[in-house]
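Let's take a look at this one together. Have the sequence and the 3D view open, and follow along.

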Amino acid sequence: MCQTKTEEELTKDMLNSIEKEYGFIPLVNEVLSERPDLFIPSVNIGRSVFYGKCELGRKMRHLTALAAAAAKGSEHCMSVHMQLAAKAGATKNEIIETMQIASVVSMTHAQSYAFRRFKEMFPRSDK
C-alpha cells in the first residue's frame, strides 16, 4: 500500500533539497514554506524551469536567469544564479558577458520609455 506524504512532509523534503542545492534556503522559500499550498506549486514551477525537460542546458538556464535578475536589479537572485551558473560550468567571462548584455538591454528599455515621452513633449527636433 502506497502512503502519500502530507503537505508538511513534502515541504520539509523540498526545503532540504533546496538547501542541499543552494547551500541555504532563499528567503522567498523560507517564507512561502509556512504555506505549503503556495510553496509546493511555486517550487515545482521552479524545478520544471531549471531541472525539467528543456532544450537549454542547465548552464544556459542559469545564465538566462542571471540576465533577467541583472536586468530587474534583483541582487539576491543574481547571487544565486551566478553561483549556480558557475556550478553548471559557466566561466567568469560568460557570467560577465551575460550581465553586460542584461545591463545594455535594461538601459535601452529605460531609454525607449524616456525618449518616447520626450518625443511626445517635443515632437519636432529644432536643430
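Which residues of α6 are buried? They are I95, T98 and A102. Keep in mind that this is a predicted model.

## Helix α6 and its length

Helix α6 covers residues 92–121, which makes 30 residues. At 1.5 Å a residue, it should span 44 Å, and its end C-alpha atoms are indeed 44 Å apart, so the two values agree.

## What the buried side packs against

The buried residues of α6 pack against two other helices, α4 (58–72) and α5 (75–87). Look at their spacing along the helix: I95, T98 and A102. An α-helix has 3.6 residues a turn, so residues three or four places apart point the same way.

Now zoom in on T98, which sits in α6. Its relative accessibility is 12%, and buried means under 20%, so T98 counts as buried. If you skip its neighbours within four places in sequence, T98 touches L63, L66 and A67.

## A nonpolar patch on the surface

F115, F118, M121 and F122 make a nonpolar surface patch of about 490 Å². One of them, M121, belongs to helix α6. With a relative accessible area of 62%, M121 is exposed, whereas T98 is buried.

## What about the cysteines?

How many disulfides does a search of the whole structure find? Zero. A disulfide is a covalent bond between the sulfur atoms of two cysteines.

Take C54: its closest cysteine sulfur is in C77, 18 Å away, and that's too far for a bond. As for cover, C54 is partly exposed at 42% relative accessibility, and C77 is partly exposed with 38%.

Conventions:
Residues are numbered from 1 along each chain as its sequence is written. This is a predicted model: local features need pLDDT of at least 70, side-chain atom pairs count only at pLDDT 80 or more; totals for chains, interfaces and linings use all residues. Side-chain values use heavy atoms; hydrogens and water are left out. Helices (H or I, at least four residues) and strands (E, at least two) are DSSP runs, numbered from the N terminus. The expected span of a helix is 1.5 Å times one less than its number of residues. Buried means under 20% relative accessible area, exposed over 50%, partly exposed in between (1.4 Å probe, protein chains only). Contact means heavy atoms within 4.5 Å. Patches are made of residues with over 30% relative accessible area and no salt bridge: like charges are joined within 9 Å, nonpolar side chains (Val, Leu, Ile, Met, Phe, Trp, Tyr) within 5 Å. Accessible areas come from the Shrake-Rupley method with a 1.4 Å probe; for residues, only the protein chains shown count as cover. A salt bridge is a side-chain nitrogen of Lys or Arg within 4 Å of a carboxyl oxygen of Asp or Glu. A disulfide is a pair of cysteine sulfur atoms within 2.5 Å.
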